[in-house]
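This note is addressed to a colleague who is opening the structure for the first time. Please read the points below with the model in view.

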Amino acid sequence: MGQWFKSTRRHSFGASVPASIRCGCLMIDLHTHSTASDGTLSPAELIERARQSGLTALALTDHDTVDGIAAALGACGGTGLAFFAGVELTVRFEGHGLHLLGYGVDHTDPDLRDTLHSLAARREHRARLMVESLRAMGLGITWERVRGQARGSVGRPHIGRVLVEAGYARDMNEAFARFIGSSCPAYLPSASLPVEGVVDLIEGAGGQVGWAHPYRGKYPPNVPELLPALLRAGLTGIEVYHPDHDPSMVSVLRGLAEHHGLWWSGGSDYHGPARPPGRLGAVRVPAAVLKQGPFTSPGTQHLVQRPNPSGADHLHPHGGLSVHVSDSSRRADS
Ligand SMILES: [Zn+2]
Ligand SMILES: [Zn+2]
């Protein structure tokens, strides 16, 4: 267990908490990416953007890595931001490619770090093979150029950007549709763990696993039908609020969360200003999210600026977060 978990103190927000938290009108984004995976802002830039955007709570959920967490935590100093360590992992499950979100992990956990590093190495190898396939098809792109796009691990978005820059596709949608989408000749499946492996990994590092954006994509699975099998595999939560979820999907997902007793979450899936939705906090996430699941449990990492008698800013990792949600924000959620 990392140092953050040694504290058994429970804190509640004090005078340093932004007025937006006290009035219940939180801006919360629990699904974001940085340059540690395929986002375009560094973790520190992301935290600065969160501060400028008036966010009160943020989770960093990079694909396959927690390497951005330490820098994000370091950048939280003095912002008053409640920060949650997360990670997003891809799995194959009953014929579907699904994304899972792990929240509340200890980013220093050696098993977690080793496993994620090995997945990242396999992800990079896969990207390299895809570039070789595209070159064999006659496209004049190079691995160096693709690698140069990524400050963290390399993924299909980096290949896509090079394809657009080189004029082989008008935009990312076309790059995916013609060259690197899952039905294209150059596509290779991503290295991944089984769902149970993800649950073991995340729970071993003190976190909990939920299903990310169940309705995302052109051909989403039958969510109510698939969910029970995922719960048997160890999932305990579900992402309800996401840019790809319309109000009817949100309603179905909230109903499923209630029916199965799941925690729920939400966020913009922010990858930086250049990619939709292009704005942190673009999805309204009800403040009640912070009263359930991994966002309150004793193992979760939070970082909240609290007043310090010496006058210096101190950041307190702690084992619990008490957020008072006003009745008006609850009503806004329904
Ligand atoms: Zn995803
Ligand atoms: Zn994501």
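The points that follow concern one helix and the strands that come after it in a predicted model.

1. Helix H8 spans residues 195-204, and its buried residues are Val195, Val198, Val199, Leu201 and Ile202. Viewed down the helix axis, these residues fall within an arc of 165 degrees, so they line one face of H8. As background, an α-helix has 3.6 residues a turn, so residues three or four places apart point the same way.

2. What does this buried face meet? The buried residues of H8 pack against two helices, H4 (110-136) and H9 (223-232), and against strands E4 (82-93), E5 (96-103) and E6 (208-211). Just after H8, the backbone at Gly206 adopts a positive phi of about 90 degrees.

3. Strand E7, residues 237-241, is mostly covered, with five of its five residues buried. E7 pairs with E6 in the parallel sense, over two bridges. Within this pairing, Gly210 has Gly237 of E7 as its bridge partner. Between the two strands the chain passes from E6 through H9 to E7, a β-α-β crossover that is right-handed.

4. E7 also pairs with strand E8 (residues 263-266): the two run parallel and are joined by four bridges. Here Glu239 stands opposite Ser265 of E8. Helix H10, residues 247-260, completes a right-handed β-α-β unit with E7 and E8.

5. For orientation, a reader may begin at E7, which has parallel bridges to E6 and to E8.

Note on methods: Residues are numbered from 1 along each chain as its sequence is written. Chains are lettered from A and ligands numbered from 1 in the order in which they are written. This is a predicted model: local features need pLDDT of at least 70, side-chain atom pairs count only at pLDDT 80 or more; totals for chains, interfaces and linings use all residues. A residue is buried if 20 or more other C-beta atoms lie within 10 Å of its own, exposed if 12 or fewer, and partly exposed in between; C-beta atoms are placed from the backbone. The arc is that of the directions from the helix axis to the C-beta atoms. Two residues are in contact if their C-beta atoms, placed from the backbone, lie within 7 Å. Two strands pair if DSSP finds at least two bridges between them. A crossover is right-handed if, with the strands pointing away from the viewer, the path from the first strand over the helix to the second runs clockwise.
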